[in-house]
Amino acid sequence: MVNIHEKFMARCLQLAENGKGTTYPNPMVGCVIVKDDAILSEGWHHRSGEPHAEAQAINNIDVNDLAGATLYVNLEPCNHVGRTAACAPLIVASGIKKVVIGSLDTHHKVNGSGIEHLKKHGIAVVSDILTQECRTLNKRFFMFHEQHRPYVTLKWAETKNGLVAPLSKNQLRPVWISNEYARQHTHVLRSKEHAILVGHRTWELDSPKLSAYRWDDNAPQIVVLGGEKPKRQDIIWLSSEEHNTVEQVLSKLYELQIQSVLVEGGPETLQRFIDANLWDECFVYRSQDTWHEGLAGPKIKNPLAPIER
């Protein structure tokens, strides 16, 4: 038997995912308004500074249709004014009498105050619906606000014998190990993240674009660690002297309000994150080619078995 709350919360999650990579520093939120077991209106947060999901859903329909309706949302409605108006008071003013929430918003400006405001004004609140799924969707947001660091994803490509780059080359461009499909998947990964970090050698020797153009037009912030300060003004540069440890790097990114970072290389930079045990996900593209010589790739102790594709 289908749980009606889970059914509509699943739809909220589908809508919220449309904002992946575009809502930073805000979370991904989807909302549906239901009456007589049918969806009357939907909304999702597109990007920071634009209407929140609840506001979109409420404003999409006639106010007279809201009587007796239930609002579903995957994250607790906010109760503070930022770049947009607070959602909890808007819900109260709309006449909606029941709200179903997926997970608590642990941002210090919310953290239960939205639910408290709704209840104080006579709105019935049901919470903790598909909570794990809701938290997984916004894992970057929760990591940032609960652990006070960005969510860290590692990524590299290596040959069958574990090499990631030639010992020398004649052009300022990457030497491809992965195929077209893996490179497109890299762009999918990039499109989701707030920033991409590379060491200065990768930046200087490969001159990478670090874009997501093979997937969408999202443009994550580029961060370069060490070496000389890049000439481009849009790049965040972290000097080796002031950011000698991974902890210092992540602390600075947290200070800069970076919620997630994709670390793409080189092998020394990746190994530093691995050795510090400060990473959350890892993607390794392993070619079937074997090189006779080259730079060895990072090593993870006790890695999970690779997934064959």
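Is Glu264 buried or exposed? I opened my notes on this predicted model with that residue. Glu264 counts as buried, because its relative accessibility is 12% and the limit for buried is under 20%.

**Entry 1: the surroundings of Glu264**

I placed Glu264 in strand β11. I then looked for a polar partner and found the side chain of Arg190, which the side chain of Glu264 contacts at 2.7 Å. I also listed the contacts of Glu264, leaving aside its neighbours within four places in sequence. Among them are Lys155, Thr186, Ile196, Leu197, Val198 and Leu210. Leu270 is also in contact with Glu264, and I noted that Leu270 is one of the buried residues of helix α10.

**Entry 2: the sheet**

I next asked in which order the strands of the open sheet stand. The six strands follow the order β10-β9-β8-β11-β6-β12, and their pairing is parallel. The edges are taken by β10 (236-238) and β12 (281-286); each has a single partner strand, so one side of each is left without a neighbour in the sheet. From one strand to the next, the twist averages 20°.

I recalled that strands of a sheet pair through backbone hydrogen bonds, either parallel or antiparallel. At the β10 edge I examined the pairing with β9 (residues 221-225): the two strands run parallel and are joined by three bridges. Within that pairing, Val224 has Trp237 of β10 as its bridge partner.

**Entry 3: helix α10 and its cover**

I turned to helix α10, residues 267-275. Its buried residues are Thr269, Leu270, Gln271, Phe273 and Ile274. What covers these buried residues? I found that the cover includes strands β6 (151-158), β8 (195-199), β9 and β11 (260-265), together with helix α9.

I recorded two backbone features at the borders of α10. The peptide bond from Gly265 to Gly266 is cis, with omega near -5°, and Gly266 lies in the loop between β11 and α10. Just after α10, Asn277 takes a positive phi of about 55°.

**Entry 4: aromatic rings**

I looked up the aromatic pairs and found three in the structure. The ring centres of Phe141 and Phe142 are 5.7 Å apart and the planes stand at 75°, so this pair is edge-to-face; the angle is over the 60 degrees that this class requires. Phe141 counts as buried at 3% relative accessibility, and Phe142 counts as buried at 3% as well.

The rings of Phe144 and Tyr254 have centres 4.6 Å apart and planes at 40°, so I entered the pair as tilted. Phe144 belongs to helix α6 (residues 139-147) and Tyr254 to helix α9 (residues 246-255), so the pair ties together parts that are 110 residues apart in sequence. Phe144 is buried, with a relative accessible area of 2%, whereas Tyr254 counts as partly exposed at 26%.

I then searched for charges over rings. The charged end of Arg135 sits over the ring of Phe142, 4.2 Å from its centre. Arg140 lies over the face of Tyr151, at 5.7 Å from the ring centre.

**Entry 5: Gly162**

Where is Gly162 found? I located Gly162 in the loop between β6 and β7 (163-165). Gly162 is buried, with a relative accessible area of 6%. Leaving aside its neighbours within four places in sequence, I found Gly162 in contact with Leu295, Ala296, Gly297 and Lys299. I also noted Ser287, which is 125 residues from Gly162 in sequence and 9.1 Å away in space, C-alpha to C-alpha.

**Entry 6: other backbone features**

I kept in mind that most residues other than glycine have a negative phi, and most peptide bonds are trans. The peptide bond from Tyr24 to Pro25 is cis, with omega near 5°. Pro25 lies in the loop between α1 (4-16) and β1 (30-35).

Asn111 is not a glycine, yet it has a positive phi of about 45°. I found Asn111 in the loop between β4 (98-103) and α4 (113-120), partly exposed with a relative accessible area of 46%. His148, also not a glycine, has a positive phi of about 60°. I placed His148 in the loop between α6 and β6 and entered it as partly exposed, with a relative accessible area of 45%.

Conventions:
Residues are numbered from 1 along each chain as its sequence is written. This is a predicted model: local features need pLDDT of at least 70, side-chain atom pairs count only at pLDDT 80 or more; totals for chains, interfaces and linings use all residues. Side-chain values use heavy atoms; hydrogens and water are left out. Two strands pair if DSSP finds at least two bridges between them. Helices (H or I, at least four residues) and strands (E, at least two) are DSSP runs, numbered from the N terminus. Axes are lines fitted to C-alpha atoms, for helices over the stretch in contact, and angles run from 0 to 180 degrees between N-to-C directions. Rings of Phe, Tyr and Trp (its six-membered ring) pair if their centres lie within 6.5 Å; planes under 30 degrees apart count as stacked, over 60 as edge-to-face and the rest as tilted. Buried means under 20% relative accessible area, exposed over 50%, partly exposed in between (1.4 Å probe, protein chains only). A charge sits over a ring if NZ of Lys or CZ of Arg is within 6 Å of the ring centre and within 35 degrees of the ring normal. Contact means heavy atoms within 4.5 Å. A polar contact is a pair of N or O atoms within 3.5 Å; within protein, one must be able to donate a hydrogen and the other to accept it, and residues adjacent in sequence count only if both atoms are side-chain atoms.
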